[in-house]
Amino acid sequence: TLAATARHCHIAVMKSILITGASSGIGAAVALAYAQRYGQGGCTLALSGRDADRLQAVATACRASGATVSATVIDVTDQAAMRQWISDADTAAPLDIVLANAGISGGEDEATTRRIFDINLTGVLNTVHPALDCVIARGRGTIGMVSSIAGNRGLPSAPAYSAAKAAVLAYGEGLRGRYAHRGVAICVICPGFVRSRITDQNTFSMPFFMEADRAAQIILTGLNKGTAKISFPWQMRCIGWILRALPSGLGTRLLSRLPQKE
């Protein structure tokens, strides 16, 4: 009906999404998915990343689908810069959805370990808290926090990565309950192996590997519904449950056989 069409167009026009780590992988794929679905209705995207060239390429692709895009090179560990960027984006187009996606992986030397925690955990905090200030004031909004299936247990093959993702998972679960009555949906996203610059570095077998565009559609659907935990693919979700349930000693013995991150 005309009324239904008008309502759909109104929702599309109001779609304002902010994504960190949007220059590649999941972040880029989610940005493009939102642009393709809502771009013709007036979708606004605020994107950030560390690589200017890749970020601009993503922004150009999103604009080609009709979205209005601002692309900002920013370090998610810079608390003041992140707060200013998110505040400015919200002023320009009140945010409906914020996706704290930026993340890295790598070896386990001390410098790399600290960098992993800085980006994968502190970077999430630097995204979530300014976003909360914006959406709580309006009494509506969705905040997505990217964890991982690896966040279900400390992995000997990637201690820092799994620990940071575990913190994001637990924190997101706690925040959801705290702010549900304020009209804010907190969604924790736990992917398995998805094509990205992180998985491109892996030299070992990655079961149930998924392309980024497929993962983006799952994430988009979950965020739009306000799903508490967006965990996929289902096979890896089951593995996550098993990892959580394993006794500590047995889990350590089994998981210590996994290949190490280089």
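This passage walks through the fold of a predicted protein model, from its overall make-up to a few individual residues. Because the model is predicted, local features need pLDDT of at least 70 and side-chain atom pairs count only at pLDDT 80 or more, while totals for chains, interfaces and linings use all residues. Residues are numbered from 1 along each chain as its sequence is written, and side-chain values use heavy atoms, with hydrogens and water left out.

The protein has nine helices and seven strands; these are DSSP runs numbered from the N terminus, with helices (H or I) of at least four residues and strands (E) of at least two. Of the 262 residues in the protein, 50% are buried. Here, buried means under 20% relative accessible area, exposed means over 50%, and partly exposed lies in between, computed with a 1.4 Å probe on protein chains only. Among the contacts (heavy atoms within 4.5 Å) with a separation of 6 or more, 73% are between residues 24 or more positions apart.

A good place to begin is the sheet. It is an open sheet of seven strands in the order E3-E2-E1-E4-E5-E6-E7, with parallel pairing. Two strands are taken to pair if DSSP finds at least two bridges between them. Strand E3 (68–73) and strand E7 (229–232) are the edge strands, each pairing on one side only. On average, and ignoring direction, neighbouring strands of this sheet are turned by 15 degrees against each other. Such angles come from axes, which are lines fitted to C-alpha atoms (for helices over the stretch in contact), and run from 0 to 180 degrees between N-to-C directions.

Within this sheet, strand E1 (residues 16–19) pairs in the parallel sense with strand E2 (residues 44–49) over four bridges, and with strand E4 (residues 97–100) over three bridges. Leu18 has Ala46 as its bridge partner in E2, and Ile19 has Leu99 as its bridge partner in E4. In a regular strand the side chains alternate between the two faces of the sheet. In E1, Ser16 and Leu18 point one way and Ile17 and Ile19 the other way, and all are buried.

The pairing can be followed outwards in both directions. E2 and E3 run parallel and are joined by six bridges, with Ser48 standing opposite Thr72 in E3. On the other side, E4 runs parallel to strand E5 (residues 141–146), to which four bridges join it; Ala100 has Met145 as its bridge partner in E5. Helix H5 (residues 110–138) packs on the sheet, where it touches E1, E4, E5 and strand E6 (184–191), and its direction makes about 170 degrees with that of E5.

Helices also link strands into units. E1, H2 and E2 make a right-handed β-α-β unit, and so do E2, H3 and E3. A crossover is right-handed if, with the strands pointing away from the viewer, the path from the first strand over the helix to the second runs clockwise.

Helix H2 (residues 25–38) also holds both members of an aromatic pair. A search of the whole structure finds one such pair. Tyr34 and Tyr38 are stacked, at 5.9 Å centre to centre with 25 degrees between the planes. By definition, rings of Phe, Tyr and Trp (its six-membered ring) pair if their centres lie within 6.5 Å, and planes under 30 degrees apart count as stacked, over 60 as edge-to-face and the rest as tilted. Tyr34 and Tyr38 are separated by about one helical turn because they are four residues apart in H2. Tyr34 is buried, with a relative accessible area of 0%, and Tyr38 is buried too, at 9%. Lys15 lies over the face of Tyr38, at 5.2 Å from the ring centre; a charge sits over a ring if NZ of Lys or CZ of Arg is within 6 Å of the ring centre and within 35 degrees of the ring normal.

A few other residues complete the tour. Ser65, in the loop between helix H3 (52–64) and E3, is buried with a relative accessible area of 16%. Not counting residues up to four places away in sequence, Ser65 touches Leu32, Ala35, Gln36, Gly39 and Gln40. Asp88, in helix H4 (residues 79–92), is partly exposed, with a relative accessible area of 43%. Finally, the peptide bond from Phe232 to Pro233 is cis, with omega near -10 degrees, and Pro233 is found in the loop between E7 and helix H8 (234–245).
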